[in-house]
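Biologist: Could you take a close look at a single part of this predicted model, namely how its helices pack against one another and where salt bridges join them? A connected account, with the distances and angles kept in view, would suit me best.

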Amino acid sequence: MGFFSAARQGRKDDAELGKGLWRRAHDRFQRGLDRFHQVLEGVEDDQLYGELLEIANELAGLLERVRLVCMEAQRRSPNEGLDIPVDLAGVHRALSKAGNSLATTAEAAAMLRLAAGPVPVGAASVRRRAESVFQQVADAERHLDEEGSGQRQADIPG
């Protein structure tokens, strides 16, 4: 990405995600993905590389979902600081857990890369950790839907 492309993307991110809590959650997830892909560069075993690449691609597919959650959260509760809005605390908690789990998934992949000799179970440990990332992103989406539907229910006279 060139200088002007990066600057343009930064302005777009500022507009869509703000400069606070939701931008930080998105960027942390993106850094975790970048780290996972960096780990792949050092994998010499072709079979392990293939397994890890599949997991990396599946995790990369989550980035757009995380971005959409963060954009909607920013729209509902604009945030330029680090204060967690009470009505979206569940969303933030799930996104934080997803970022942490993604970091530990990349760490597990790095440990496999450093293993001496063939790895008998392949990337099973990395796959298990990745499953928690998928679950936590789904939890963030669910919290966003629940908290949004709760607001709509309160707006309906009755």
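Modeller:

**Helix packing and salt bridges**

Read from the N terminus on, the elements of the chain run α-α-α-α-α-α, and the count is accordingly six helices and zero strands. In this predicted model, buried residues make up 38% of the 158 residues in the chain. Among contacts between residues at least 6 apart in sequence, 79% join residues at least 24 apart.

Two packed helices are described by the angle between their axes and the distance between the axes. I start with α2 and its two partners, α3 and α4. The axes of helix α2, residues 21-40, and helix α3, residues 46-60, come within 10 Å of each other and cross at roughly 165 degrees. Because angles over 145 degrees count as roughly antiparallel, that crossing makes α2 roughly antiparallel to α3. The crossing in which α2 passes α3 is left-handed. On the α2 side the contact is made by F29, L33, F36, H37 and L40, which meet Y49, L52, L53, I55, A56, N57, L59 and A60 in α3. By character, the residues of this contact divide into eleven nonpolar, two polar and no charged.

With helix α4, which covers residues 62-76, the axis of α2 comes within 9 Å, and the two axes cross at roughly 170 degrees. That angle makes α2 roughly antiparallel to α4 as well. Here W22, A25, H26, F29, Q30 and L33 in α2 meet L62, L63, V66, R67, C70, A73 and Q74 in α4, and the residues of the contact divide into nine nonpolar, three polar and one charged. F29 and L33 are listed in the contact of α2 with α3, and F29 and L33 are listed again in the contact with α4.

From the packing I turn to charge. Side chains of opposite charge can pair when their charged atoms come close. The structure holds ten salt bridges, and I take a few of them in turn. In one of them, the side chains of R65 and E141 meet with an N to O distance of 2.7 Å. This pair links distant parts of the chain, since R65 lies in helix α4 and E141 in helix α6, residues 124-155, the two being 76 residues apart. R65 counts as partly exposed at 30% relative accessibility, and E141 likewise counts as partly exposed, at 22%.

Within helix α4 itself, E72 forms a salt bridge with R76, the closest N and O atoms being 2.8 Å apart. E72 and R76 are four residues apart in α4, so about one helical turn separates them. E72 is partly exposed, with a relative accessible area of 22%, and R76 counts as partly exposed at 23% relative accessibility.

Helix α6 offers a pair of its own, in which the side chains of E131 and R127 meet in a salt bridge at 4.0 Å, N to O. E131 and R127 are four residues apart in α6, so they too are separated by about one helical turn. At 42% relative accessibility E131 counts as partly exposed, and R127 counts as partly exposed at 25%. This pair also belongs to a wider arrangement, because E54, E58, R127 and E131 are linked in a network of salt bridges.

Methods:
Residues are numbered from 1 along each chain as its sequence is written. This is a predicted model: local features need pLDDT of at least 70, side-chain atom pairs count only at pLDDT 80 or more; totals for chains, interfaces and linings use all residues. Side-chain values use heavy atoms; hydrogens and water are left out. Axes are lines fitted to C-alpha atoms, for helices over the stretch in contact, and angles run from 0 to 180 degrees between N-to-C directions. Angles under 35 degrees count as roughly parallel, over 145 as roughly antiparallel, 65 to 115 as roughly perpendicular and the rest as oblique. A crossing is left-handed if the near helix is turned anticlockwise from the far one by less than a right angle, and right-handed if clockwise. Contact means heavy atoms within 4.5 Å. Ala, Val, Leu, Ile, Met, Phe, Trp, Tyr, Cys and Pro count as nonpolar, Asp, Glu, Lys and Arg as charged, and the others, Gly among them, as polar. Buried means under 20% relative accessible area, exposed over 50%, partly exposed in between (1.4 Å probe, protein chains only).
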